[in-house]
Amino acid sequence: MQITNIPVDASNRESTRHGTVGFPMAVYHSMLSHNVLGYTRLHWHEELQFCCVTRGAVTFSVNENTYELHTGDGIFINSGYLHMARPLADPDSTYICLDIHPRLLYGFAGSVLEQKYVLPALDDPVLVEVPLYRKEPWQAALLQRIREIYRESEQKKPGWELFITARLYEIFGEVLRHRPDVPVVRHRSQANAVAQRILGYLTAHYSEKITLAQVAGAAAYTEGECCRIFKRFTGETIFNYLRELRLEQSIRLLTTTDQSISEIAYNCGFQSASYYIEAFGRQFGCTPGSYRKEGPSK
């Protein structure tokens, strides 16, 4: 299973339900070229996430840090932090992704598992993200368990939920057991909150004319600091991201409405239909009209 266009709310929190109320986790196998923009957009969610690259190489950006991970490597991403994934050389780079709601790990409110392990881990600034490398023995074993969970979720043999839950406890326990024994030098990043406010403003107002002063006002930071923080989180400028956000929204209108190209350009915040068509061609290699008729070019 793959989500090709991650739905988010006004705060850029992913609105997908991962799994079910009774079993709140989901397993994805994502080929980045299949995503609308060719990468996994910046977002956050309550779920803990474990990833394992299965083809090519992927750049994961988490809370101002960037990791280049190759086939067999992976990463743990804690709850509540902005993150995104981009392919390196191969646009078909692929990774397994496990999204696990903390409730699956602790069982019920007030349990020993919740109070002693899960809640402290969620608030641990040392465990914001943990890169996992195939050359490190304990991490290689953890990555193998991620692949086993993926296979079990695909096969769904009798008792597959039990097998997966057992493996999840193992990999979560390994992350806690190997937590670096260092003084806490990182705090829940204020920059993470600033980046979320910037993203929230862009998401809410992408159809309007947006100035840097407006973005800075919404984020309650200076214009220069907003630009620097956003660049650290995404690797691109605020207005490059805004253009891609508008293009992404235009795909939704192209595929779900009969609005004209000019109407879509206007409704997505482009200055003119001609500029929209030009930007669309650079991003997707085709015109909006041909995309509407034939889908993305291969």
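How much space lies in the second largest cavity? The legend to Figure 4 gives the value. The figures show a predicted model.

**Figure 1. Overall view of the chain, with 11 helices and 9 strands.** The radius of gyration of the chain is 20 Å, close to the 19 Å that the globule rule gives for 298 residues, so the chain is as compact as a globular protein of that length. Along the principal axes, the C-alpha trace spans about 55 × 45 × 35 Å.

**Figure 2. Close-up of an open sheet formed by 4 strands.** The strands follow the order β2-β7-β4-β5, and their pairing is antiparallel. At the edges stand β2 and β5 (65-70), each of which pairs on one side only. On average, neighbouring strands of this sheet are turned by 20° against each other, direction ignored. Helix α7, residues 223-234, packs on the sheet and touches β2, β4 and β7. The direction of helix α7 makes about 55° with that of β7. Within the sheet, strand β4 (residues 57-62) runs antiparallel to β5 and is joined to β5 by 6 bridges. One residue pair can be picked out here: the bridge partner of valine 58 is leucine 69 in β5.

**Figure 3. Close-up of the largest cavity, with a volume of about 180 Å³.** This cavity is lined by 17 residues, and the closest to its centre are Ile6, Ser30, Thr40, Tyr95 and Cys97. Four strands, β1 (25-31), β2 (40-43), β7 (83-87) and β8 (94-100), each supply at least two residues of the lining. Two of these strands, β2 and β7, also belong to the open sheet of Figure 2. Sorted by class, the lining of the largest cavity has 8 nonpolar, 7 polar and 2 charged residues. A search of the whole structure finds 3 cavities of 30 Å³ or more.

**Figure 4. Close-up of the second largest cavity, which holds about 60 Å³ of space.** The lining includes a run of residues early in the chain, Ile3, Thr4, Asn5 and Ile6. Asn35, Val36, Leu37, Tyr39, Thr40 and Arg41 also line this cavity, as does Glu248. By class, these lining residues comprise 5 nonpolar, 4 polar and 2 charged. Ile6 and Thr40 line the second largest cavity, and Ile6 and Thr40 are also among the residues closest to the centre of the largest cavity.

Methods: Residues numbered from 1 in each chain as written. Predicted model: local features only at pLDDT ≥ 70, side-chain atom pairs only at ≥ 80, totals over all residues. Heavy atoms only, no water. 1 Å grid on protein atoms, 1.4 Å probe; cavity = no way out; pocket = protein on both sides within 12 Å on 5 of 7 lines; lining within 4 Å. Points joined across faces, edges and corners; volume = space filled by probe spheres on them. Nonpolar A, V, L, I, M, F, W, Y, C, P; charged D, E, K, R; others polar. Pairing = 2+ DSSP bridges. Axes fitted to C-alpha atoms, helices over the stretch in contact; angles between N-to-C directions. Contact = heavy atoms within 4.5 Å. Rg over C-alpha atoms; globule rule 2.2 N^0.38 Å.
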